[in-house]
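Visitor: I should like a close look at one single part of this model, set in the context of its surroundings. Please state the criteria as you go.

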Amino acid sequence: MKKLLSFLLLSVVVLALAACGSSEEEPATNASTDDEKTEETETTTLTVGASNGLHDLILEQAKPLLAEQGVDLVIEPYQDYVMPNQDLDSGELDANYFQHIPYLENEIAEKGYDFVNAGGIHIEPIGIYSQKYKSLDELPDGATIIISNSVTDQGRILSMLEVEGLIKLKDGIDKTAATLDDIVENPKNLVIDASSAPEMLVTYYEEGEGDAVVINSNFAIDASINPLEDSIAIEGSESPYVNVIAVRSEDKDNEAIKKLVDVLRTKEIQDFIIEEWGGAVVPVSE
């Protein structure tokens, strides 16, 4: 009888110890699971300013791809070329996507922004439009061409007009920085009106102002104007005016920024750009 009682008592003690050991191990298992869940759900929020109607649409396509890599992309659309850099400088944005390299470099030089180019994404060939003429050859002597008042746009436009044989610029100058004063030959006596803000050019074209209007593709596309079909001349693919992701210098090595640039250069996004705009917007990989 005593042996039986001793055996039963020993069994109870063993079971009690096993139960204690089991209850002590369970919290550790749960803690490990919680850590794994935290790692899986941890994301980085990236706020990027973008021009409305083109850049923001490209970013929308990139958003789910970035989410897979733990980046929550917040897109802030803009209608102008001034506020996106101001908001990037103030820290309201982590990056912006609206400007080409010469514009970015000019903004840095003029306003002292501590920005860097984090990577080129696409080119928007600039186009010349007219309600009155179907080709540049039809432009009459003394025709008025309305262009942007942006200094960086002017160099680009004048270079294009030179390529098209309408004017000649001074030899040896940096043509991306060319101004009206750099025109040395103007055989058609063209009147080049450079007094308009770039966002107003679509309105002038639609209202038939001047004989021709030069419009940036993002504004044209936003107004349902097809640069390939509606322009009477369009910039060549050799253009150096690549649209880039701009960031503050301190964020040039930011992993979320690198993921953004890499995703925007994937075949999926590049195919979307080509299909969506039919060559009016051209993706790049550098």
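Where does asparagine 216 lie?

Guide: Asparagine 216 is found in the loop between strand S10 (212-215) and helix H7 (217-222); helices (H or I, at least four residues) and strands (E, at least two) are DSSP runs, numbered from the N terminus. The model is predicted, so local features need pLDDT of at least 70 and side-chain atom pairs count only at pLDDT 80 or more, whereas totals for chains, interfaces and linings use all residues. Residues are numbered from 1 along each chain as its sequence is written, and side-chain values use heavy atoms, with hydrogens and water left out.

Asparagine 216 counts as buried because its relative accessibility is 9% (buried is under 20% relative accessible area, exposed over 50%, partly exposed in between, with a 1.4 Å probe and protein chains only). Leaving aside residues up to four places away in sequence, asparagine 216 touches Tyr81, Ile126, Asp153, Arg156 and Pro198, where contact means heavy atoms within 4.5 Å.

Tyr81, one of these partners, leads to the aromatic residues. The structure holds seven aromatic pairs (ring centres of Phe, Tyr and Trp, its six-membered ring, within 6.5 Å; planes under 30 degrees apart are stacked, over 60 edge-to-face, the rest tilted). In one of them, tyrosine 81 meets tyrosine 103 edge-to-face, at 5.8 Å centre to centre and with 65° between the planes. This pair links distant parts of the chain: tyrosine 81 belongs to the loop between strand S2 (71-78) and helix H3 (83-90), and tyrosine 103, 22 residues apart from it, to helix H4 (residues 101-111). Both tyrosine 81 and tyrosine 103 are buried. Tyrosine 113 and phenylalanine 115 form a stacked pair, with 4.6 Å between the centres and 10° between the planes, and these two residues are likewise buried. Ring pairs also join Tyr81, Phe98, Tyr103 and Phe219 into a cluster.

The packing of helix H2 may be described next. The axes of helix H2 (residues 55-67) and helix H10 (residues 267-277) come within 10 Å and cross at roughly 150°, the axes being lines fitted to C-alpha atoms over the stretch in contact, with angles from 0 to 180 degrees between N-to-C directions. H2 and H10 are therefore roughly antiparallel (over 145 degrees; under 35 is roughly parallel, 65 to 115 roughly perpendicular, the rest oblique). The crossing of H2 past H10 is right-handed, the near helix being turned clockwise from the far one by less than a right angle (anticlockwise is left-handed). In H2, Leu57, Ile58, Gln61, Ala62 and Leu65 meet Glu268, Ile269, Phe272, Ile273 and Trp277 of H10.

H2 also packs with helix H9 (residues 255-264): their axes come within 10 Å and cross at roughly 115°. The crossing of H2 and H9 is right-handed, and the contact is made by Ile58, Leu59, Ala62, Leu65 and Leu66 of H2 with Lys259, Leu260, Val263 and Leu264 of H9.

Glutamate 42, by contrast with the buried asparagine 216, is exposed, having a relative accessible area of 58%. Glutamate 42 sits in the loop between helix H1 (2-41) and strand S1 (44-51), and its C-alpha atom is separated by 9.0 Å from that of valine 71, 29 residues apart along the chain.

For the chain as a whole, there are 10 helices and 13 strands. Buried residues make up 44% of the 286 residues. Of the contacts with a separation of 6 or more, 74% are between residues 24 or more positions apart.
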